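Reader: Could you walk me through this model, its ligand and its inner spaces? I have a few questions ready.

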Amino acid sequence: MTERVRHSFAVQAGHCERLGSPFTAMLLRLVAARLTGDTALGRRILGWPGDPEADALPLRLAGGLHALVRRGRLPDLAALYPPAAPDPAALWEALARAFATAADLDPWLDSAPQTNEVARSGVLMPGLMAVAAMTGSKPIVLWEIGASAGLNLVLDAYAYELGGRAAGRPGAGLHLAPDWTGPPPPEASVRIAARRGVDLNPLDVTDAQHRERLTAYVWPDQRARLARLEAALALAAADPPPLDRGDAVAWLAERLAAPPQAGQARVVQHSIALQYLPVQGRAQVAALLSEAGARATADTPLAWLAYEFEGGPAGLRLTLWPGGRTHRLATAHPHGQWVRWEGLPGSR
Ligand SMILES: C[S@@+](CC[C@H](N)C(=O)[O-])C[C@H]1O[C@@H](n2cnc3c(N)ncnc32)[C@H](O)[C@@H]1O
């Protein structure tokens, strides 16, 4: 078991390296190589009873450490956190001290990390612009499954520059400008008439503990990502996203069963969420959408906007009913840092 745990830390370190967090990669590699059973925390981690990779054990620990550093609980360790560039020996010494003394690290191992990556709005928003372009800019009823804290459900509250095209709310406290390749998205105004999201564990942007969790799981050397999250949380706290607690499939079935309002476009969106549903749940989502899509008309269109991993980077796909044609709109970084826009002409 110990070797399996060490391996999971090394594997996650590789992911962190690739996704632009060399600091978290170094921290996790140190734990992989040097953690011992001399402390209660070390024994709990090395003797982890479940699957450490599936349970995201390394990210539980990294999130807990980051939270305590941000709380001012571990000043020695905090001095070595970004923007400092510590040498590995000094970082390990401070980590070992934290493992021996910080009892409040233990509860962070109890639950899986949960994030809400707001830069994904920079990928979803051009998708909504494509929906607007194809539906005569009908007001949108936006439904999001796996919405977490709902930061991407309120995406019209942010300002954007998308391939040279301004969108969203000009001058908003959060400005998203992903590195863009390809033509700009269609010039179409996105008007959201109503919105609602669902999550198995919705996070409340007005709750300090929930905000702490969301922030803790952002890697500490990703300052721009942290700043974006803080800006989005501040905006959302003033007008919290409407979220339900529940399972995506049952929730979606209920929404899609209700008669649509003429003149509005219903959009179901999700980002890096479908993979967390069981295989059967994913198939049910697709079936519910295509059944409801078969009843959609030009006056009551239905769109499915999916920003999900596609065996490598992530892709943005739009399926629009009536017709049910799927358009691969873009390839994108999983955290929304860049977008390769393909747009509507390359439909299939
Ligand atoms: C990786 S997070 C992505 C959150 C958000 N979509 C984003 O892009 O930042 C996946 C989310 O899906 C939620 N989730 C997982 N399974 C679910 C289900 N069956 N029904 C509803 N939400 C679910 C999780 O609680 C989590 O908040």
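Author: The questions below go from the overall form to the ligand, the cavities and the backbone. This is a predicted model, in which local features need pLDDT of at least 70 and side-chain atom pairs count only at pLDDT 80 or more, while totals for chains, interfaces and linings use all residues. Residues are numbered from 1 along each chain as its sequence is written, and side-chain values use heavy atoms, with hydrogens and water left out.

Reader: Happy to start with the whole: what radius of gyration does the protein have?

Author: The C-alpha atoms fill a box of roughly 65 × 40 × 35 Å along the principal axes. The radius of gyration is taken over C-alpha atoms, and the globule rule is 2.2 Å times the number of residues to the power 0.38. For 348 residues a compact globule would come near 20 Å, which agrees with the protein's 21 Å.

Reader: And how many helices and strands are there?

Author: Both are DSSP runs numbered from the N terminus: helices are H or I with at least four residues, strands are E with at least two. Counted this way, the protein has 11 helices and 12 strands.

Reader: Now the ligand: how much of its area does the protein bury?

Author: Let's begin with polar contacts, meaning pairs of N or O atoms within 3.5 Å; within protein, one must be able to donate a hydrogen and the other to accept it, and residues adjacent in sequence count only if both atoms are side-chain atoms. An N or O atom in the Ser271 side chain is 2.6 Å from a ligand oxygen, a polar side-chain atom of Gln114 is 3.0 Å from an oxygen of the ligand, and a polar backbone atom of Gly146 is 2.8 Å from a ligand nitrogen. Of the 600 Å² that the ligand exposes when taken alone (Shrake-Rupley method, 1.4 Å probe; for residues, only the protein chains shown count as cover), the protein buries 92%.

Reader: Which residues around the ligand are the closest?

Author: A residue is near the ligand if one of its heavy atoms lies within 4 Å. The shell divides into 5 nonpolar, 8 polar and 5 charged residues, where Ala, Val, Leu, Ile, Met, Phe, Trp, Tyr, Cys and Pro are nonpolar, Asp, Glu, Lys and Arg charged, and the others, Gly among them, polar. Of the 18 surrounding residues, the closest are Glu117, Arg120, Asp199, Asp247 and Ser271.

Reader: Which helix gives the largest share of the lining of the largest cavity?

Author: A cavity is a set of points on a 1 Å grid over the protein atoms alone where a 1.4 Å probe fits but cannot get out, and lining residues have an atom within 4 Å of a point. Points are joined across faces, edges and corners, and a volume is the space filled by probe spheres set on the points. The largest cavity holds about 40 Å³ and is lined by Phe23, Thr24, Leu27, Ala62, Tyr81, Trp219 and Pro220. The largest share, 3 residues, comes from helix α2 (residues 22-34).

Reader: How many charged residues line the second largest cavity?

Author: That cavity has a volume of about 30 Å³. Its lining consists of Thr115, Asn116, Glu117, Leu214, Val218, Arg225 and Leu229. By class there are 3 nonpolar and 2 polar residues, and the charged ones number 2.

Reader: Last one: where is Pro322 found?

Author: Most peptide bonds are trans. Trp321 and Pro322, however, are joined by a cis peptide bond with omega about 10°. Pro322 sits in the loop between β10 (314-321) and β11 (325-332).

Terms used:
1 Å grid on protein atoms, 1.4 Å probe; cavity = no way out; pocket = protein on both sides within 12 Å on 5 of 7 lines; lining within 4 Å.
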